[in-house]
Amino acid sequence: GVLAGRHQRAQYCHHVIGEPALYAMRSLLHLPITSQRREDAQRVAEMIQLANITRDIERDLAQGRSYHEALQPLLGASQLDAAAREQVRAVRAALVRDAMGGVDAYARLVAELPPGISQARGAAVLMLLFTDRYYSRCTTHAGGRGWRAQPRPLIYANAILATLSAGWADRVVSATQRRFHGVLATTPGDRAGYG
């Protein structure tokens, strides 16, 4: 019921999101799958799937699952005491930091999408902005400083504009990159040893 170590988490995320993304690039967008694209797809898969993982930590523990080895002693726990909640908080913070490090790979994949009107580019910006919104809330919940994420109407508007304009998509993605890098540079690594 536990994924042990970053390698197993990365493999899990890649099977869930990375492989379907590579299939879409190859079959729908007709992009060749280079070693860099494969590596980027795997890193992006972690960035996206870790949002689901960090959201559901407590529920997964109650159901006997964990995606981090430090939480193995808590498997099956439906009620968490203060020490267990702190352990979950530390793991959540470490996983969010790890996920946010994938933003450069995300930016490379978006930049390689075909020019012109592109629903794939709009969908990528939509996914990125909702992921940004989630990680802002999650960072605050884990005890860090979140940031002001875009409201839903603005997210949808940016996705539509990104569909129409590669330049607009680049501006949105670059702003997210700067925000994530800023957070990573000013937030200390997890001191409890879960990172």
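Contact means that heavy atoms lie within 4.5 Å of each other. The exercises below concern a predicted model, and each is followed by a worked solution.

**Exercise 1. Describe the overall fold: how many helices and strands does the protein have, and how compact is it?**

Step 1. The secondary structure comes to 8 helices and 0 strands, and, read from the N terminus on, the order of elements is α-α-α-α-α-α-α-α.

Step 2. The radius of gyration is 17 Å, which is close to the 16 Å that the globule rule gives for 195 residues, so the protein is as compact as a globular protein of that length.

Step 3. The C-alpha trace spans about 55 × 35 × 25 Å along its principal axes, and 44% of the 195 residues count as buried.

Step 4. Among the contacts with a separation of 6 or more, 70% are accounted for by residues 24 or more positions apart.

**Exercise 2. Examine the largest nonpolar core: which elements give residues to it, and which residues does Tyr106 contact?**

Step 1. In soluble globular proteins, nonpolar side chains tend to be buried together.

Step 2. Here the largest nonpolar core has 50 residues, and those with the most contacts inside it are Leu71, Val88, Met100, Tyr106, Val125, Tyr135 and Phe180.

Step 3. Two or more residues of this core come from each of helix 1, helix 2, helix 3 (57-62), helix 4, helix 5, helix 6, helix 7 (152-164) and helix 8 (166-186), and helix 2 gives the most, with 8 residues.

Step 4. If its neighbours within four places in sequence are left aside, Tyr106 is in contact with Val44, Met47, Ile48, Ala124, Met127 and Leu128.

**Exercise 3. Compare three salt bridges, Glu19 with Arg38, Arg37 with Glu112 and Glu86 with Arg89: where do the partners lie, and are they buried or exposed?**

Step 1. A search of the whole structure finds 14 salt bridges, and the three pairs named in the task are among them.

Step 2. The side chains of Glu19 and Arg38 meet at 3.7 Å, N to O. This pair links distant parts of the chain, with Glu19 in helix 1 (residues 5-28) and Arg38 in helix 2 (residues 35-55), 19 residues apart. Glu19 is partly exposed because its relative accessible area is 31%, which lies between the cut-offs of 20% and 50%, and Arg38, at 37%, likewise counts as partly exposed.

Step 3. In the bridge between Arg37 and Glu112, the closest N and O atoms are 2.7 Å apart. Arg37 lies in helix 2 and Glu112 in the loop between helix 5 (103-111) and helix 6 (119-141), so the pair ties together parts that are 75 residues apart in sequence. Arg37 counts as buried at 10% relative accessibility, whereas Glu112 is partly exposed, with a relative accessible area of 32%.

Step 4. Glu86 and Arg89 form their salt bridge at 3.0 Å, N to O. Because these residues are 3 apart in helix 4 (residues 82-100), about one helical turn separates them. Glu86 is partly exposed at 39% relative accessible area, and Arg89 is partly exposed at 27%.

Step 5. Elsewhere, salt bridges that share partners join Arg6, Arg43, Glu46 and Asp98 into one network.

**Exercise 4. Take Glu46 from that network: where is its place, and is Glu46 buried or exposed?**

Step 1. Glu46 is found in helix 2.

Step 2. The relative accessible area of Glu46 is 5%, and because buried means under 20%, this residue is buried.

Step 3. Apart from neighbours within four places in sequence, the residues in contact with Glu46 are Arg6, Ala10, Cys13, Asp98 and Ala99.

**Exercise 5. Work out how helix 7 is placed: which of its residues are buried, and against which helices do they pack?**

Step 1. Helix 7 has 13 residues and reaches 19 Å from its first C-alpha to its last, close to the 18 Å expected at 1.5 Å a residue.

Step 2. The buried residues of helix 7 are Ile155, Asn158, Ala159, Ala162 and Thr163. They cover an arc of only 145° around the axis, which means that they are on the same side of helix 7.

Step 3. These buried residues pack against helix 6 and helix 8, while the face turned away from the buried side carries the exposed residues Pro153, Ile160 and Leu164.

Notes
Residues numbered from 1 in each chain as written. Predicted model: local features only at pLDDT ≥ 70, side-chain atom pairs only at ≥ 80, totals over all residues. Heavy atoms only, no water. Salt bridge = Lys/Arg side-chain N within 4 Å of Asp/Glu carboxyl O. Helix = DSSP H or I, 4+ residues; strand = E, 2+ residues; numbered from the N terminus. Buried < 20%, exposed > 50% of the residue type's maximum accessible area, 1.4 Å probe, protein only. Core = buried A, V, L, I, M, F, W, Y, C linked by side-chain atoms within 4.5 Å. Expected span 1.5 Å × (residues − 1). Arc of directions from axis to C-beta. Rg over C-alpha atoms; globule rule 2.2 N^0.38 Å.
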